[in-house]
Amino acid sequence: MPLVMAPDDREMEVKKITADEKTKKHLREIGISEGCKITLVSGSQNGVIVIVKEGRLCLDGALARKILVA
C-alpha cells in the first residue's frame, strides 16, 4: 500500500519505491530505501511525517504515494 494510506504509529517496511532514479537516490541519502523500516507519525493526502531511524522527516503527498510499504 502507498505510504499515505498506512496506519499511524505502526512500523512498516518499505517494499518498493516507484520514483525515478534521481528521487530514489535522494531518498537513499536521507535513509529511505527498499527494506528499511519506517513509522508513520501522521499523514494525509497532502503529506506525511515519518520516523526513519532516529529522525523525523516530512514528505509531500506525491512522493509518499510512490513509496509502497507493508
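Confidence in this predicted model varies between elements of the protein chain, with the lowest mean, 94, in strand 2 (residues 37-44) and the highest, 98, in strand 5. Across the protein chain the mean pLDDT is 96, and 100% of the residues reach 70 or more. Where pLDDT is low, predicted coordinates should not be read in detail.

The strands are arranged as an open sheet of five, in the order 4-3-2-1-5, with antiparallel pairing. Strand 4 (55-60) and strand 5 (67-69) form the edges, each pairing on one side only. Between neighbouring strands of this sheet the average turn is 45°, direction ignored. In general, the strands of a sheet pair through backbone hydrogen bonds, in either a parallel or an antiparallel sense.

Strand 2 and strand 3 run antiparallel and are joined by six bridges. A hairpin of two intervening residues links strand 2 to strand 3, and within this pairing Gly 43 has Val 48 of strand 3 as its bridge partner. Strand 3 (residues 47-52) also pairs with strand 4, again in the antiparallel sense and over six bridges. In this second pairing Gly 47 stands opposite Asp 60 of strand 4, while Ile 51 has Arg 56 of strand 4 as its bridge partner. Strand 3 and strand 4 likewise form a hairpin, with two residues between them.

The turn of the latter hairpin contains a backbone feature of note. Lys 53, located in the loop between strand 3 and strand 4, has a positive phi of about 55° although it is not a glycine. Most residues other than glycine have a negative phi. Lys 53 is exposed, its relative accessible area being 69%. A positive phi of about 55° is also found at Asp 9, likewise not a glycine. Asp 9 belongs to the segment before strand 1 (11-17). Asp 9 counts as exposed because its relative accessibility is 64%, which is over the 50% cut-off.

Both ends of helix 1 (residues 21-29) are considered next. Asp 20 caps the N-terminal end of helix 1, with a side-chain oxygen 3.1 Å from the backbone nitrogen of Lys 22. After helix 1 comes Gly 31, whose phi is positive, near 100°.

The largest nonpolar core comprises 20 residues. Those with the most contacts inside this core are Leu 3, Val 14, Ile 32, Val 48, Leu 59, Ile 67 and Val 69. Two or more residues are contributed to the core by each of strand 1, strand 2, strand 3, helix 2 (61-64) and strand 5. Val 48 thus appears both among the residues with the most contacts in the core and as the bridge partner of Gly 43. For Val 69, leaving aside neighbours within four places in sequence, the contacts are with Met 1, Pro 2, Leu 3, Ala 6, Met 12, Glu 13, Val 14, Lys 15 and Ile 38. Among these partners, Leu 3 and Val 14 are themselves listed with the most contacts inside the core.

Definitions and conventions: Residues numbered from 1 in each chain as written. Predicted model: local features only at pLDDT ≥ 70, side-chain atom pairs only at ≥ 80, totals over all residues. Heavy atoms only, no water. Pairing = 2+ DSSP bridges. Helix = DSSP H or I, 4+ residues; strand = E, 2+ residues; numbered from the N terminus. Axes fitted to C-alpha atoms, helices over the stretch in contact; angles between N-to-C directions. pLDDT = per-residue confidence, 0-100. Buried < 20%, exposed > 50% of the residue type's maximum accessible area, 1.4 Å probe, protein only. Polar contact = N/O pair within 3.5 Å; in protein donor to acceptor, adjacent residues only side chain to side chain. Core = buried A, V, L, I, M, F, W, Y, C linked by side-chain atoms within 4.5 Å. Contact = heavy atoms within 4.5 Å.
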